[in-house]
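Open the structure in your viewer and keep the selection tool at hand. The stops below say what to select next and what is there.

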Amino acid sequence: MVTGCICRKGAALAAVGLALSALPARADLQLCNRTSYVLDLALGLEDKSAVATRGWFRLEPGQCRAVLAGTIEAEHIYVHARALPVYGSAPMPQTGHADFCVADGNFVIAGAKTCPRGSERLVRFTAVQPSPSEQGLTASLAEEADYDPEQARLAGIQRLLVVAGYDANPVDGIAGKKTEGALAQFLKDHRLAADAATAPNFFDLMVEALKQSDGIGFSWCNDTAYTAMAALGVDDKNSVVTRGWYRVDPGKCVKPDLAGDVRRVYSFAEAVDKDGRTMKRGDKPLAWGGATTLCTRDMRFEIADQADCPGRGLTAAGFAIVDMAGRGTTVRFKEP
């Protein structure tokens, strides 16, 4: 067990070996990202049963960032971590110890146990026991691979390359010819300088390139003013596996993680309001799909059996068949 570490296993950010005890007042708190994902972090401070939250703090793989300066007056410190939408469904929401309020954009919420404002929502936070360091108190988010900072940065680059459709597997933080070749091709395809990978803003460049990329891998882009929730189907031997939901915010693109040489996918999406209810135009849902009936459900799902959706308590939805032309394609959501 590693004190002060939120360890990531598989696709879930989960708390491993975190002690819950009163924290001594010390100067400064920094969070370190030892995962292969670019993360947005929210911080929760609990003192005498009152909880305040603030965010978001962007941390790149291998990066440490100070999130509090000066004396920390709190009995417990909590962290919520989310990966950028460009990763699609990975990682899944983290497990943890308590639900507190967050909001979109920069926020500070004083009474974070309830969310009376419509712009706020409850998410799961994990309690952390930071360890003393030369910089004050430090808490790290790590994967099972236990990367050091340099390895985490390289693994982060490898993962974004894989998401973009380049063969940089395995994502292991170890340099090699496959990673070098995939990176060189990515830089060439996106007209980036050969030394861009060493720039401090390289992860920003990669993420922006992925958001804007057409014809590389598979992407959804939302050209409407509404949030869209998307579902994906992929061929698996003699069946189709559907999974969702992927949130595609207005004006944004999301590239779900596809493994292997995918020749076609199935796509469905619907617009939702701030409460997650399907929006309608007249008496019809505002949705983007097709004539292929596959199964979905209201919550996050992965479904391998597409027979008799309603009879099994599932929802039947019409998916569009998307042929992956060349190296890929982009499905754009537009208003009728």
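Select Trp56, which sits in strand S5 (residues 50-59) of this predicted model. Show the backbone just before it: the peptide bond that joins Gly55 and Trp56 is cis, with omega about 0°. Now move to Trp245, whose place is in strand S15 (residues 239-248). Here the bond from Gly244 to Trp245 is a cis peptide bond, and omega is near 0°.

**The whole chain**

Zoom out and colour by secondary structure. The protein chain holds three helices and 24 strands. It has 336 residues, of which 49% count as buried. Turn on the surface: the chain exposes about 16400 Å², and carbon and sulfur atoms supply 50% of that area. Among contacts with a separation of 6 or more, 68% are between residues 24 or more positions apart.

**The sheet around S5**

Go back to S5 and add its partners to the selection. In which order do the strands of this open sheet lie? The order is S8-S10-S7-S4-S5-S9, six strands with antiparallel pairing. At the edges are S8 and strand S9 (107-109), each of which pairs on one side only. Look across the sheet: neighbouring strands are turned by 35° against each other on average, with direction ignored.

Next, keep strand S4 (residues 39-47) and S7 on screen. These two run antiparallel and are joined by eight bridges. To find a matching pair of positions, select Leu43 and then Val79 in S7, which stands opposite Leu43.

**His97, between two strands of the sheet**

Follow the chain out of strand S7 (76-83) towards strand S8 (98-103); His97 is in the loop between them. Is His97 buried, exposed or partly exposed? Its relative accessible area is 40%, so it is partly exposed. Select Thr126 as well: it lies 29 residues from His97 along the chain, yet the two C-alpha atoms are separated by 5.2 Å. Then show Ala127, whose backbone nitrogen is reached by the side chain of His97 at 2.9 Å.

**Glu143 and the loop after S12**

Select strand S12 (residues 136-143), where Glu143 is found. Glu143 has 9% relative accessibility and therefore counts as buried. What does its side chain meet? Show Ser36: its backbone nitrogen lies 2.5 Å from a polar atom of the Glu143 side chain.

Step on into the loop between S12 and H1, and select Asp146. Its phi is near 55°, a positive value in a residue other than glycine. At 58% relative accessibility, Asp146 counts as exposed.

**The three helices**

Continue to helix H3 (residues 202-212) and show side chains. Which of its residues are buried? They are Phe202, Phe203, Met206, Val207, Ala209 and Leu210. Turn the view to look down the axis of H3: these buried residues fall within an arc of 160°, so they line one face of the helix. The spacing has a simple background: an α-helix has 3.6 residues a turn, so residues three or four places apart point the same way. Add helix H1 (149-163) and helix H2 (177-189) to the view, since what covers the buried residues of H3 includes both.

**The loop between S22 and S23**

The last stop is the loop between strand S22 (301-303) and strand S23 (315-323), where Gln306 is found. Gln306 has a relative accessible area of 18%; because the cut-off for buried is under 20%, it is buried. Its side chain has polar atoms at 3.0 Å from the backbone oxygen of Val240 and at 2.9 Å from the backbone oxygen of Ile303. Show the surroundings as sticks: leaving aside residues up to four places away in sequence, Gln306 touches Val240, Val241, Thr242, Leu294, Cys295 and Arg312. Val240 brings the tour back to S15, the strand of residues 239-248 that holds Trp245.

Stay in the loop between S22 and S23 and select Asp308. Asp308 is not a glycine, but its phi is positive, about 50°. With a relative accessible area of 53%, Asp308 is exposed, whereas Gln306 in that loop is buried.

Key: Residues numbered from 1 in each chain as written. Predicted model: local features only at pLDDT ≥ 70, side-chain atom pairs only at ≥ 80, totals over all residues. Heavy atoms only, no water. Helix = DSSP H or I, 4+ residues; strand = E, 2+ residues; numbered from the N terminus. Buried < 20%, exposed > 50% of the residue type's maximum accessible area, 1.4 Å probe, protein only. Contact = heavy atoms within 4.5 Å. Areas by Shrake-Rupley, 256 points an atom, 1.4 Å probe, with all protein chains shown as cover. Arc of directions from axis to C-beta. Polar contact = N/O pair within 3.5 Å; in protein donor to acceptor, adjacent residues only side chain to side chain. Pairing = 2+ DSSP bridges. Axes fitted to C-alpha atoms, helices over the stretch in contact; angles between N-to-C directions.
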